[in-house]
Amino acid sequence: MQDYFSQEENELKKSLSSALAEKINLLAKLYGEKKITLDEIALILGIDRNEIELIFTQKGLVKKKKILVCGGAGFIGSNFIYHLLEKYPSYEIINYDVLTYAANIENLRAAEKNPNYKFIKGDIADYEKLEEIAKEGINAIVNFAAETAVGRSVHGKAADFIHSNVVGTHTLLEIVKNFKIPRFVQISTDEVYGTVGLEEDRQFFEDSPFLPNVPYAAAKAGGDLMCRAYYETYKVPVIVTHCSNNYGPYQHPEKLIPHFIFRALGNKSLPVHGDGRHVRDWIYVRDHCEAIDVILHKGEFGEVYNIAADSEKPTIEIARLILNLLGKSASLINYVPDRPGNDRRYSISAGKVGNELGWFPSHTFEEAMPKTIEWYQHNVDWIERIKEKDEEFVNYI
Ligand SMILES: NC(=O)c1ccc[n+]([C@@H]2O[C@H](COP(=O)([O-])OP(=O)(O)OC[C@H]3O[C@@H](n4cnc5c(N)ncnc54)[C@H](O)[C@@H]3O)[C@@H](O)[C@H]2O)c1
């Protein structure tokens, strides 16, 4: 191979890298003596903190952090696991999921190749099973595990929602308390705040009252309130997030955007509830993951953070956009009777996480929606396999 560098340049490179190695060793010594923090070292060396953490983990100075991701086989959880594996090579990720109909372990195939990833099948309401994991030492828990399909909660399955979203969250809080787990992030929804009128100039903030209108939202609110109570009573290190509607890869086709996409791809009608003017605030799932990452590392215990991308859209607009981008006729839109308890509009302010922790979304709806549609277009088999596994899900939409 041709040598592009002169001998002097090679010498210079060698001496610079040995000077850097010497500096790192000196800083590592100071770190070992607790005289300097990883953030300060990153600043001195002008290197990303994660890189320093990785070097120090390899040197045996920093223990690998173990993050227990509950519900990691679902939509947001699997995106979050990829986010962590990509960004934190010094972290070990345990995906703990009971694998309900909504889970798709196939989403994690690429992660399975990573030695930092491990899957354990289990229910978040199973204290004994969680105890076995907690005994091994866990640095943080991020809880995505929940029953999430509003339609199911409305059509007779509310008890499952109470089990996972309330009893499950309570069980995790007990584990965090009894095993002194240093951090617990509970992932929740903007739906706990209830609805806002289309014309109203009003948003929900972190201290807005909970006014859930469907069993799903009520069960999430129950879990979130339990988090608050455990912080107030036992000072459990818990943080709660409320995010708006997510879209992106790996979402179960029972949810609005993938449902519309796969119906449109098959030239089938798009069922739009009521007058189609129900408004949701849409966020790209990887922006949500980035926000959770920031909250996990910098959030204050006992605090609540709203997460949203300031991108409110009526359902009919989503339907039209999908048909337009797929080159399908608008005549596929089919208005169907509204779902009971269907909230008119969600609108939350994400000002706090921006002002206090410096998180802002980096994808616009206009840029991330076409990417999302493309992902589903290229993964039609993925959708077909879900449909084969569970034909029933269409009954709850
Ligand atoms: N999808 C959204 O738009 C959205 C928006 C805001 C907040 N959230 C919240 O984010 C979290 C994740 O949502 P999602 O859309 O990825 O959900 P999802 O339905 O795709 O995945 C949920 C996962 O949790 C698992 N699970 C359910 N009950 C469990 C239990 N008892 N024990 C262990 N695992 C269990 C399921 O098997 C599944 O893998 C939920 O808590 C939801 O309330 C979702």
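Which residue in strand 11 is the bridge partner of Arg280? Keep that question in mind as you look through these close-ups of a predicted model; the view of strand 9 answers it.

**View 1. Seven strands form an open sheet.**
Let's begin with the sheet. Its strands follow the order 3-2-1-4-5-6-10, and their pairing is parallel. At the edges you will find strand 3 (117–121) and strand 10 (304–307), each of which pairs on one side only. From one strand to the next, the twist averages 20 degrees. If pairing is new to you, remember that strands of a sheet pair through backbone hydrogen bonds, in either a parallel or an antiparallel way.

**View 2. Strand 3 pairs with strand 2.**
Here we zoom in on strand 3 and strand 2 (residues 91–97), a parallel pair joined over 5 bridges. To find your way, look for Ile94, whose bridge partner in strand 3 is Lys118.

**View 3. Helix 7 lies across several strands.**
Beneath this helix you can trace strand 1 (65–70), strand 4 (140–143), strand 5 and strand 6 (238–243), since helix 7 lies across them. Compare its direction with that of strand 4: the angle is about 175 degrees.

**View 4. Strand 9 pairs with strand 7 and also with strand 11.**
Strand 9 (residues 279–284) is mostly covered, with 5 of its 6 residues buried. Its pairing with strand 7 is parallel and spans 3 bridges; there, Tyr247 stands opposite Tyr284 of strand 9. With strand 11 (residues 312–314), strand 9 pairs in the antiparallel sense, over 3 bridges. Now for the opening question: the bridge partner of Arg280 in strand 11 is Lys313.

**View 5. Helix 4 packs against helix 10.**
Two packed helices are described by the angle between their axes and the distance between those axes. For helix 4 and helix 10 (residues 285–298), the angle is about 65 degrees and the axes are 9 Å apart. Their crossing is right-handed. On the helix 4 side, look for Phe75, Ile76, Asn79, Phe80 and His83; on the helix 10 side, they meet residues including Val285, Cys289 and Ile292. The residues of this contact divide into 6 nonpolar, 3 polar and 2 charged.

**View 6. A shell of 31 residues surrounds the ligand.**
Gly71, Gly74, Ala103, Ala145 and Ala146 come nearest to the ligand. Helix 4 (75–87), helix 7 (158–178), strand 5 (184–189) and strand 7 (245–247) each give two or more residues to the shell. By type, the shell holds 15 nonpolar, 12 polar and 4 charged residues.

Terms used
Residues numbered from 1 in each chain as written. Predicted model: local features only at pLDDT ≥ 70, side-chain atom pairs only at ≥ 80, totals over all residues. Near = placed C-beta within 6 Å. Helix = DSSP H or I, 4+ residues; strand = E, 2+ residues; numbered from the N terminus. Nonpolar A, V, L, I, M, F, W, Y, C, P; charged D, E, K, R; others polar. Pairing = 2+ DSSP bridges. Axes fitted to C-alpha atoms, helices over the stretch in contact; angles between N-to-C directions. Contact = placed C-beta atoms within 7 Å. Buried ≥ 20, exposed ≤ 12 C-beta atoms within 10 Å, placed from the backbone. Left-handed = near helix turned anticlockwise from the far one by under 90°.
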